[in-house]
Amino acid sequence: MPGLENGSSIQNAFSWDHTQYPGGTRVFGKLTAYGGGGNYQDYWALYLLAGKTYVFQTRLPTAFDPYIYLYDSSGSYLLYDNNSGDDGGGMAKMTYTPTKEGWYYIVIYLYSGSYGSYILESVPAPQSFRVFAGSTARFGTRIALDAAVAARFEAIREKNAAGFGNRFSVYAPAQTGNAARVSARQAREHARASRFEAVKIATVVVSSGRYSARQAREGRHWARFSARSSQGLVLPGRFDVRQPADGLVPARFGVLGRVEGIVPTRNNAHVPPGWALYARNADTGEVVRLGFISADADPKQLADVPLADGVWEIEVRPAEWYWEECRGRNVLTLIAGEIGGGGEPLQGLPAIQNLRREIVSFQSVIKWNVVAEYEPGAFQFGLWFSPTSPVDTSGPPDQTVAYAAGQGEYQTVRAQTAPEYVAVAAYTPTEQGPASELFLDWDAVAPESPANQHAAQWGA
Amino acid sequence: MATPTADKLRVYFPSKNLAADGDALPTYTADTGGALNAIVDAALTQADGYWAGAVGWFLGNTPTAALQGQFFHVKSFDAAADKLTLSRDLPTVPAAGDTFRLVLGGNWRSSHETFGMLMGGVLPELKTVSGVNITGVTIKKASALLGEGTLTVQYTRGLQILRIKMGSQALGVGLDVSASVTDGIVFAADGQAFIQVDVNAASLPTVDRTDTWTLAYPERTLTPDYEGYETKNDVGGKTRYRLECVRNADAVDSMVDLTVYAGKPSGAATTIASGSLGTGAGSFDVTDATGWPTKGFWLKNKTVNAGVGDCRYVNYRSGNTLYCLGVDWATLAFNTGTSEIKQGDVLSGATSGATAVVDQVVLVSGTWAGGDAAGTLLLRKVVGTFQNAEYLRVSSVNMARAGGASALGLRGYAAVAWAAGNAIELLPDVDLGMNKPAANQYENPAAETVQPASVAFRAAWDKTTALDLGNLASGKLQGVWRREWIMDGHQGRAGIVADTRYSWS
């Protein structure tokens, strides 16, 4: 509420001080004289909401017999009273329901020759634009102390008081001899729609243009007020204050950091559909990527692929596989070079994978997996045992386990009495697949079973 | 000097086929002869291959309902047949009369903004989005700052305001709808996320009403999927480039200190616990890779190169063990160029015998015709090391001389060895580069795989590493190019998040 706030007129009416009485419903004043230029009437400014019923009255111990008058924002008379107050004793009372939100004015008037203090009450209290200690910080902005730069900015709302015009001030505390950097205050203007204006009255001496504050006045523009610190290397603190206030909007003030915007940019990465062909040397374990067959290739084949002499297991991996440890089905085993007659495919004996041992009822249970299910011929798994490594697999196996079409996991029991090594391999009377070997320790105490045991492998 | 609000930053599609700033993207109309993976239009008069890599979409009101708002990625363009071959099948065969648009390259900003959030599966920029309960309101855009979740739009009759909120957040400041509004902005409680609406005040409900939508991020609207056929082609990978045209739409105020960075995969920074890594393929263990992607992502080592860092492409992850691809990209300075070296050329060093495939040719000075061309090559599938001053040959022809030894590295980092204790963190999938348009015209590379001239790229993934675009005055333009660096043998990965996040004061 602009003006001198000495209560002498509508233009200089007192603002309703909500701090004077619980709930902000009462204010206290004093008339000092009757006639002769004395203070025989006070104007009070109240911001009232449309549709809300207000009861205004003077309360005892008001020291005289008051009249009260109500005017609207343009100064037009609305109603008055002299003796209807709830406390009797000549107290005055008015009941009014505004049809329009805005400023209204109550005049308390000295009728008789007596004068003194008075109590003016509004139930409910008129609207307040102030911040109270217990309220949810409607207004207040600070930038925290920075290690390198002392507080550059602080905003404090001053108490409304008669004779103290500033409703809002922004101070920068003096630092190292540098006086206040900036100040913003409310101009006294009557009948202005805008109730707030910030004026920069000081120029930054050391650091130019670090701070500016002013109100943008646009009819339907959100930003009514903005204060910000431009970015600087020395002063990383980014600061922005703005008021997205609108006449109809309760939120009168907001504090924001940096403004942000996002461009959503999301996509996927694909790999080509198809299969990669790998060859694994059964002797050395060397893996060679032979090439890629696209899903839409016709025919689906790789031609003229060079391959060194040796026994190779040919494996197909779908394109979407990515773990190198992944194993596909060994679709065939072929012998390249002289030892196999020039690359003729064999029936394909699978490699032994994940060879492991478990202790069950004080017996060794030897387990392994195979993935070869590509039309395997009749074969068995042979197990050779030896106290030393490598285990000799040239002779007949000590134990055999039959292959079952479609079954990937196998096991057999070993009645063990001492530490030993086991070698497992698929075999037929004419061919033997790559063997895997595992050390089988033996103790009266069962070992813990690790999550993954790695089996050593060598060629057949 | 108020700070421009979040709605004032507008990002537009560019396209190489436009003639001036702000031109509308042409609306093309399909002819007969289309297929599930092909669109034919005689109005496409450009040269063979012109549209390869383009992003396109069918208009929201195209006659074939199944194609409305459908996005597509152009694999190739046959000028003779006027045919766009698409990367994957459409929901149905385009019929004659179906309308679509195409976007590719840089050059000029179009009048079409990039897309915001999907609302109930629909992009409001393409198809009308209106509530069931709040009549008279048409939503035209939902900003990505809203994020995924449930958007509530509330109309309060007594106050004649429209407000929004996400999930259980508080309502934002209201938009006065006591009179009709065009392109009104309704902010969420944070004052930044927003929706853009048209309001016909006369059609608003006579009582309080609420509508809700489920918001989701769109995919492939700006950057298309990286298709399988673009890699594992034994030429050493590729780089792709896309442009975002940024404009300050505020009528008065500048955006001060506008910055941008890209999203990256989620996952906390950690250290190398054990193992080491050279420039070849290898693996090592990190202290904690919880929540990291399982395959196909980028990693930065913040310790090496005196803190400048280095990066690798992680082929896949198994627990805390990371398996990285080797570094087979390099930069190589050249001079005294007499014959033009082109993208895709197989380059060899006359002395060293090193070989590589040329990915980019950045000409810094001189001309090929003048025999003094000089600049830098970005090489992939590098085998060996090119030596200083040796002749650089293509098909046994001397093209230029090396201006130094080739230097292995990915995405602008010099490749060095990594060791236990090094600090590492995830890196975005894209690099960013600033392109301030000259007289509103952006760089105009010949293809999506050609680096725009004079644009320097680097990774930017948070506010401290963000690319500084300077101050952007009212109505002015800025440009941000995105570079995807694709390794040969890269892995498939769904849901790559590479949002660009701008901020200003």
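Strands here are DSSP runs of E with at least two residues, and helices are runs of H or I with at least four, each numbered from the N terminus. Counted this way, chain B of this predicted model holds zero helices and 38 strands. Of the 505 residues in chain B, 55% are buried. The surface that chain B exposes comes to about 18,100 Å², and carbon and sulfur atoms supply 50% of that area. Contacts in chain B also reach across the sequence: among those between residues at least 6 apart, 71% join residues at least 24 apart.

A good place to begin with the strands is the barrel of chain B. Six strands close into this barrel in the order S20-S21-S24-S23-S22-S32, and their pairing is antiparallel. From one strand to the next, the twist averages 50°. Within the barrel, strand S22 (residues 295-301) of chain B and strand S23 (residues 310-318) of chain B run antiparallel and are joined by six bridges. For a reader following along in the structure, B:Phe297 can be found opposite B:Val314 in S23(B).

Chain A offers an open sheet to set beside the barrel. Four strands make up this sheet, in the order S2-S9-S4-S7 (chain A), again with antiparallel pairing. Its edges are strand S2 (26-31) and strand S7 (93-96) of chain A, each of which pairs on one side only. Neighbouring strands of the sheet are turned against each other by 20° on average, direction ignored. S2(A) pairs with strand S9 (residues 116-123) of chain A in the antiparallel sense, over six bridges. Here A:Val27 stands opposite A:Leu120 in S9(A).

Aromatic side chains come next. A pair of aromatic rings is described by the distance of the centres and the angle of the planes. Over all chains, the count is 41 aromatic pairs. One of them joins A:Phe379 and A:Phe381: the planes of the two rings stand at 80° with the centres 5.3 Å apart, and because an angle over 60 degrees counts as edge-to-face, the pair is given that label. Both A:Phe379 and A:Phe381 are buried. In chain B, B:Tyr28 and B:Trp51 also form an edge-to-face pair, with 6.4 Å from centre to centre and 75° between the planes. B:Tyr28 belongs to strand S2 (residues 28-29) of chain B, whereas B:Trp51 is in the loop between strand S3 (38-40) and strand S4 (55-58) of chain B, so this pair ties together parts that are 23 residues apart in sequence. B:Tyr28 counts as buried because its relative accessibility is 7%, and B:Trp51 is buried with a relative accessible area of 0%. Ring pairs link these two residues with B:Tyr50, B:Phe58, B:Phe72 and B:Phe100 into a cluster.

Charged side chains also meet aromatic rings, in one case from another chain. The charged end of A:Arg266 sits over the ring of B:Tyr217, 3.4 Å from the ring centre. Over the face of B:Tyr229 lies B:Lys75, at 4.4 Å from the ring centre.

Finally, where does B:Asp225 lie? B:Asp225 is in the loop between strand S17 (209-216) and strand S18 (238-248) of chain B. With a relative accessibility of 1%, B:Asp225 counts as buried. Leaving aside neighbours within four places in sequence, B:Asp225 is in contact with A:Asn267, A:Asn268 and A:His270 from chain A, and with B:His73, B:Arg88, B:Arg220, B:Glu230 and B:Arg240 from chain B.

Terms used: Residues numbered from 1 in each chain as written. Chains lettered and ligands numbered in written order. Predicted model: local features only at pLDDT ≥ 70, side-chain atom pairs only at ≥ 80, totals over all residues. Heavy atoms only, no water. Pairing = 2+ DSSP bridges. Axes fitted to C-alpha atoms, helices over the stretch in contact; angles between N-to-C directions. Phe/Tyr/Trp six-rings, centres within 6.5 Å; stacked < 30°, edge-to-face > 60°. Buried < 20%, exposed > 50% of the residue type's maximum accessible area, 1.4 Å probe, protein only. Lys NZ or Arg CZ within 6 Å of the ring centre and 35° of its normal. Contact = heavy atoms within 4.5 Å. Areas by Shrake-Rupley, 256 points an atom, 1.4 Å probe, with all protein chains shown as cover.
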